[in-house]
Amino acid sequence: QVQLVESGGGLVQAGGSLKLSCVASGSTSSILDMGWFRRAPGKDRELVGEITWRGGSASYRGSAEGRFTISRDYDKNTLYLQLNNLNSDDTAVYYCAADTPAPGRYNAWGQGTQVTVSS
């Protein structure tokens with residue numbers, strides 16, 4: 001099993017930046033891909049972007065494209081999400097998730113970290 005712990009959330013003004021981290025432990029050798037998701041108040045959880053764990057190739061969804069950057073330090077088992085030019089629509093709980101050979105896509109989740117953008 002893989003355990004995930006996020007950190008780095010907080011309160012930031014519109015236009016500001018934050019960098020989130022997600023440390024993986026446990027059966028990290030089983031990780032195939034990792035992703036960042038978010039759930040805004042009153043909305044469904046959505047995929048922000050994902051990265052191939054070994055190759056480090058990232059892709060993004062929606063408004064994350066061009067503003068957010070996903071990276072990872074493979075040796076430190078750490079996933080990052082750099083958030084730039086934040087706006088109030090980015091206020092959400094951000095979760096990291098790992099995809100492993102276990103059944104189901106993204107079958108390991110962190111507890112989430114709150115990002116609040118003030119206008």
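With 60° about the S-S bond, the link between Cys22 and Cys96 is right-handed, and that makes a good place to start our walk. In this predicted model, local features need a pLDDT of at least 70, side-chain atom pairs count only at pLDDT 80 or more, and totals for chains, interfaces and linings use all residues. Residues are numbered from 1 along each chain as its sequence is written, while side-chain values use heavy atoms, with hydrogens and water left out.

Back to the cysteines. The structure holds one disulfide, a term used here for a pair of cysteine sulfur atoms within 2.5 Å. The sulfur atoms of Cys22 and Cys96 are 2.0 Å apart. Because Cys22 lies in strand 3 and Cys96 in strand 9 (residues 92-99), the pair ties together parts that are 74 residues apart in sequence. Strands here are DSSP runs of E with at least two residues, and helices are runs of H or I with at least four, numbered from the N terminus. Cys22 counts as buried at 0% relative accessibility, and Cys96 is buried too, with a relative accessible area of 0%. Buried means under 20% relative accessible area, exposed means over 50%, and partly exposed is in between, using a 1.4 Å probe and protein chains only.

Now step back to the whole chain. The protein chain has zero helices and eleven strands. Its C-alpha atoms fill a box of roughly 40 × 25 × 20 Å along the principal axes. For 119 residues, a compact globule would have a radius of gyration near 14 Å, and the 13 Å of the protein chain agrees with that. This radius is taken over C-alpha atoms, and the globule rule is 2.2 Å times the number of residues to the power 0.38. Buried residues make up 45% of the 119. Among contacts (heavy atoms within 4.5 Å) between residues at least 6 apart in sequence, 52% join residues at least 24 apart.

Next, look at how the strands are arranged. Strands of a sheet pair through backbone hydrogen bonds, either parallel or antiparallel. Here, an open sheet of four strands has the order 1-3-8-7, with antiparallel pairing; two strands pair if DSSP finds at least two bridges between them. Strand 1 (2-7) and strand 7 stand at the edges with a single partner strand each, so one side of each is left without a neighbour in the sheet. From one strand to the next, the twist averages 20°, with axes fitted as lines to C-alpha atoms (for helices over the stretch in contact) and angles running from 0 to 180 degrees between N-to-C directions.

You can follow the sheet pair by pair. Strand 1 and strand 3 are antiparallel over six bridges, with Ser7 opposite Ser21 in strand 3. Ser21 counts as buried at 18% relative accessibility. Leaving aside residues up to four places away in sequence, Ser21 touches Val5, Glu6, Ser7, Trp36, Thr78, Leu79 and Tyr80. Strand 3 (residues 18-26) also pairs with strand 8 in the antiparallel sense over six bridges, and there Lys19 stands opposite Gln82. On the strand 7 side, Gln82 is the bridge partner of Thr69. Strand 7 (residues 68-73) and strand 8 are antiparallel over six bridges. Their hairpin has four residues between the strands, and in it Asn77 takes a positive phi near 50°.

Why is strand 8 (residues 78-83) largely enclosed by the rest of the structure? Five of its six residues are buried, so the strand has that surrounded setting.

In soluble globular proteins, nonpolar side chains tend to be buried together. A nonpolar core here is a set of buried Ala, Val, Leu, Ile, Met, Phe, Trp, Tyr and Cys residues joined through side-chain atoms within 4.5 Å. The largest such core has 29 residues, of which Leu4, Met34, Trp36, Leu79, Leu81, Leu83 and Tyr94 touch the most other members. Among the elements that give two or more residues to this core are strand 4 (33-39), strand 5 (46-52) and strand 11 (113-118). Leu83, not counting residues up to four places away in sequence, touches Gly16, Ser17, Leu18, Leu20, Arg67, Phe68, Tyr94 and Val115.

Finally, visit Leu86, in the loop between strand 8 and strand 9. Leu86 is buried, with a relative accessible area of 2%. With the same sequence neighbours left out, its contacts include Val12, Ala14, Phe68 and Val117.
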